[in-house]
Amino acid sequence: MTATKKLGEPPEENSEQSLPPIEDINSQDADIEDYLELDQEFDKINKCLDALEKKNDSLHEELFKLLEESRQIRSELKDANSGAS
């Protein structure tokens with residue numbers, strides 16, 4: 001056996017570059033399908049988390065506005081009470 005091969009020569013019969021058994025290929029295909037399904041599930045989870053994050057940001061903004069309004073009202077009541085005395 002020679003380590004070098006000339007152009008145009010067919011590969012040797014007992015080449016080390018043989019194809020894997022069909023069972024391995026089927027197993028690899030199943031693994032790829034599992035990874036694709038997992039990827040789709042992660043995409044769904046990511047979309048749900050994005051929606052929750054938007055809702056959380058919205059609630060945070062709303063609570064901040066309510067807090068500011070409450071502070072303003074308390075300040076006005078305090079001024080009104082001190083002016084009435």
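Let's start with a patch of negative charge on the surface, where Asp-29, Asp-31, Glu-33, Asp-34 and Glu-37 gather. For charge, Asp and Glu count as negative and Lys and Arg as positive, while His and the chain ends are not counted. Each charge is placed at CG of Asp, CD of Glu, NZ of Lys or CZ of Arg. A patch takes residues with over 30% relative accessible area and no salt bridge, joining like charges within 9 Å and nonpolar side chains (Val, Leu, Ile, Met, Phe, Trp, Tyr) within 5 Å.

A word on the source before I go on. This is a predicted model, where local features need pLDDT of at least 70 and side-chain atom pairs count only at pLDDT 80 or more, while totals for chains, interfaces and linings use all residues. Residues are numbered from 1 along each chain as its sequence is written, and side-chain values use heavy atoms, with hydrogens and water left out.

Now the overall picture. The chain's secondary structure is 1 helix and 0 strands; helices (H or I, at least four residues) and strands (E, at least two) are DSSP runs, numbered from the N terminus. Glu-37, from our negative patch, sits in that helix, H1, which covers residues 22-84.

How much of the chain is buried? Buried residues come to 0% of the 85 in the chain, where buried means under 20% relative accessible area, exposed over 50%, and partly exposed in between (1.4 Å probe, protein chains only). The exposed area is about 8700 Å², with carbon and sulfur atoms supplying 54% of it. Those areas come from the Shrake-Rupley method with a 1.4 Å probe, and for residues only the protein chains shown count as cover.

There is a nonpolar patch to look at, too. Tyr-35, Leu-38, Phe-42, Ile-45, Leu-49 and Leu-52 make a surface patch of about 650 Å². Leu-38 is a good one to click on: this residue lies in helix H1 and is partly exposed, at 41% relative accessible area.

On to the charge pairs. Side chains of opposite charge can pair when their charged atoms come close. How many salt bridges does a search of the whole structure find? The answer is 3, counting a side-chain nitrogen of Lys or Arg within 4 Å of a carboxyl oxygen of Asp or Glu.

Lys-44 and Glu-41 meet at 3.7 Å, N to O. They are 3 residues apart in helix H1, so about one helical turn separates them. Lys-44 is exposed at 51% relative accessible area, while Glu-41 is partly exposed at 41%.

Next come Glu-61 and Lys-65, whose closest N and O atoms are 3.6 Å apart. Here the spacing is 4 residues in helix H1, again about one helical turn. Both partners are partly exposed, Glu-61 at 47% and Lys-65 at 46%.

Then we have Glu-68 with Arg-71, at 3.2 Å from N to O. These two are 3 residues apart in helix H1, about one helical turn. Glu-68 is partly exposed at 36%, and Arg-71 is partly exposed at 46%.

Finally, the annotation. An unreviewed UniProt entry places a "coiled-coil region" at residues 35-69; positions follow the numbering used here, feature names are shortened, and annotations may be inferred rather than shown by experiment. In the model, that span is 100% helix and 0% strand, with its end C-alpha atoms 50 Å apart.
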